[in-house]
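Student: Could we take a close look at one part of this protein together? I would like to go slowly and then see how other parts compare.

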Amino acid sequence: MNKLTDRLQMIADEIETGETMADIGTDHGFLPLYLWECGISPHVIMCDISEPSLAKAKAAAGAYQFGHELSFRAGDGLTVLASGEVDAVVIAGMGGYLIRDILAEDPAKTMSFAKFILQPRNHAGALRHWLASNGFRIARNQLVREGKFICEIITVFPPKGSDTGDMSLSEPLPAETDPAWDLPPDLFKTQPELAAEYAGVKLGIEEKILEGMQRSDSVAPSLLSVVKERIAYFQKCTRDASTDIPPDVLATGDF
Ligand SMILES: C[S@@+](CC[C@H](N)C(=O)[O-])C[C@H]1O[C@@H](n2cnc3c(N)ncnc32)[C@H](O)[C@@H]1O
């Protein structure tokens with residue numbers, strides 16, 4: 001059995017023994033194979049939009065690919081799954097907007113799965129905002145280092161009690177551009193050092209955006225103020241973290 005990377009291991013740890021799972025965008029198939037080989041998941045479905053990627057997963061499965069407990073499906077997002085076919089769905093290593101589009105494609109089907117473990121490569125804030133706006137409960141936010149990157153893992157539970165496909169929510173939420181979506185407060189309680197380092201990364205990105213805006217003479221003042229607010233938030237996160245004071249700017253509530 002291959003050892004998983006820390007990122008994939010953190011995702012694997014979100015699957016409970018006995019849960020069946022599907023891995024959307026499985027590529028090499030390492031995660032589902034590990035879960036099956038360890039006896040954690042009795043049935044795993046490896047899915048990918050790319051046939052060559054799926055071929056990698058089949059090669060990794062070797063002779064096991066012919067058993068009934070491993071399935072391989074080529075296709076887009078959740079279209080390859082039947083409603084409620086597995087307990088948990090993993091979507092990892094894709095952009096946050098793509099993950100959002102996959103979840104939004106067929107709301108009734110999306111809500112038929114008990115749990116999602118999402119690992120957006122970028123735009124995690126926009127994804128969290130979409131999830132919360134559509135009634136998903138964000139159970140856990142986690143960070144993990146992979147090479148020179150810090151990766152985000154989001155465990156979510158879809159809204160219960162509706163099979164109509166209507167995922168609308170009446171409660172007003174902070175705007176998508178609110179930086180707390182990008183760096184949720186709970187991370188400073190659970191992983192303070194990595195969260196502080198990540199705040200520094202986010203601060204650098206926003207400062208570059210601001211520099212670009214300041215070089216241009218056609219930037220709307222409202223956009224400029226959004227970026228300045230985001231910079232102030234990430235600055236405060238890094239400052240408060242370095243003084244070991246729980247970032248009070250983060251006391252606005254859990255996302
Ligand atoms: C970077 S790999 C991630 C592999 C693995 N999930 C991981 O996290 O290590 C992204 C994979 O997603 C697949 N993919 C991209 N868009 C997809 C979609 N709409 N539906 C299913 N798979 C998709 C790609 O073919 C590729 O194999």
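Which residues are buried in helix α3 (residues 51-61)?

Tutor: Happy to help! Please keep in mind that this is a predicted model.

Let's begin with your helix. In α3, which spans residues 51-61, the buried residues are L54, A57 and A61. Now imagine looking straight down the axis of α3: the buried residues fall within an arc of 50 degrees, so they line one face of the helix. Turn to the other side of α3 and you find P52 and A59, which are exposed. What lies over the buried residues? Their cover includes helix α2 (30-37) together with the strands β2 (44-48) and β3 (70-74). Just past the end of α3 sits G62, whose phi is positive, at about 55 degrees.

You can read helix α4 (residues 96-104) in the same way. Here G96, I99, R100, I102 and L103 are buried. Viewed down the axis of α4, these buried residues fall within an arc of 160 degrees, so they too line one face of their helix. Among the elements covering them are the strands β1 (21-24), β4 (88-94) and β5 (115-120), along with the helices α5 (107-110) and α6.

That last helix, α6, deserves a moment. Two packed helices are described by the angle between their axes and the distance between the axes. The axes of α4 and α6 (residues 124-133) come within 8 Å and cross at roughly 25 degrees. Angles under 35 degrees count as roughly parallel, and α4 and α6 are therefore roughly parallel to each other. The crossing of α4 past α6 is right-handed. From α4, the residues G96, Y97, I99 and R100 take part, and they meet A124, A126, L127 and W130 of α6. Sorted by character, the residues of this contact are 6 nonpolar, 1 polar and 1 charged.

For another helix pair, move along to α8 (residues 192-215) and α9 (residues 221-242). Their axes come within 8 Å and cross at roughly 150 degrees. That angle makes α8 roughly antiparallel to α9. The crossing of α8 and α9 is left-handed. On the α8 side, the contact includes P192, A195, A196, A199 and K202, and on the α9 side it includes L223, L224, V227, R230 and I231. The residues of the contact of α8 with α9 divide into 15 nonpolar, 4 polar and 4 charged.

Let's finish with two single residues. E211 belongs to helix α8. It counts as exposed, because it has 9 C-beta neighbours inside 10 Å, and a residue with 12 or fewer is called exposed. To place E211 in the fold, compare it with I150: the two are 61 residues apart along the chain, and their C-alpha atoms are separated by 24 Å.

D182 sits in the loop between β7 (149-157) and α7 (186-190). D182 is buried, because 25 other C-beta atoms lie within 10 Å. Setting aside residues up to four places away in sequence, D182 touches A124, G125 and K202. You have already met A124 in the contact of α4 with α6, and K202 in the contact of α8 with α9. And to come back to your helix, A59 is 123 residues from D182 along the chain, with 37 Å between their C-alpha atoms.

Methods. Residues numbered from 1 in each chain as written. Predicted model: local features only at pLDDT ≥ 70, side-chain atom pairs only at ≥ 80, totals over all residues. Axes fitted to C-alpha atoms, helices over the stretch in contact; angles between N-to-C directions. Helix = DSSP H or I, 4+ residues; strand = E, 2+ residues; numbered from the N terminus. Parallel < 35°, antiparallel > 145°, perpendicular 65-115°, else oblique. Left-handed = near helix turned anticlockwise from the far one by under 90°. Contact = placed C-beta atoms within 7 Å. Nonpolar A, V, L, I, M, F, W, Y, C, P; charged D, E, K, R; others polar. Buried ≥ 20, exposed ≤ 12 C-beta atoms within 10 Å, placed from the backbone. Arc of directions from axis to C-beta.
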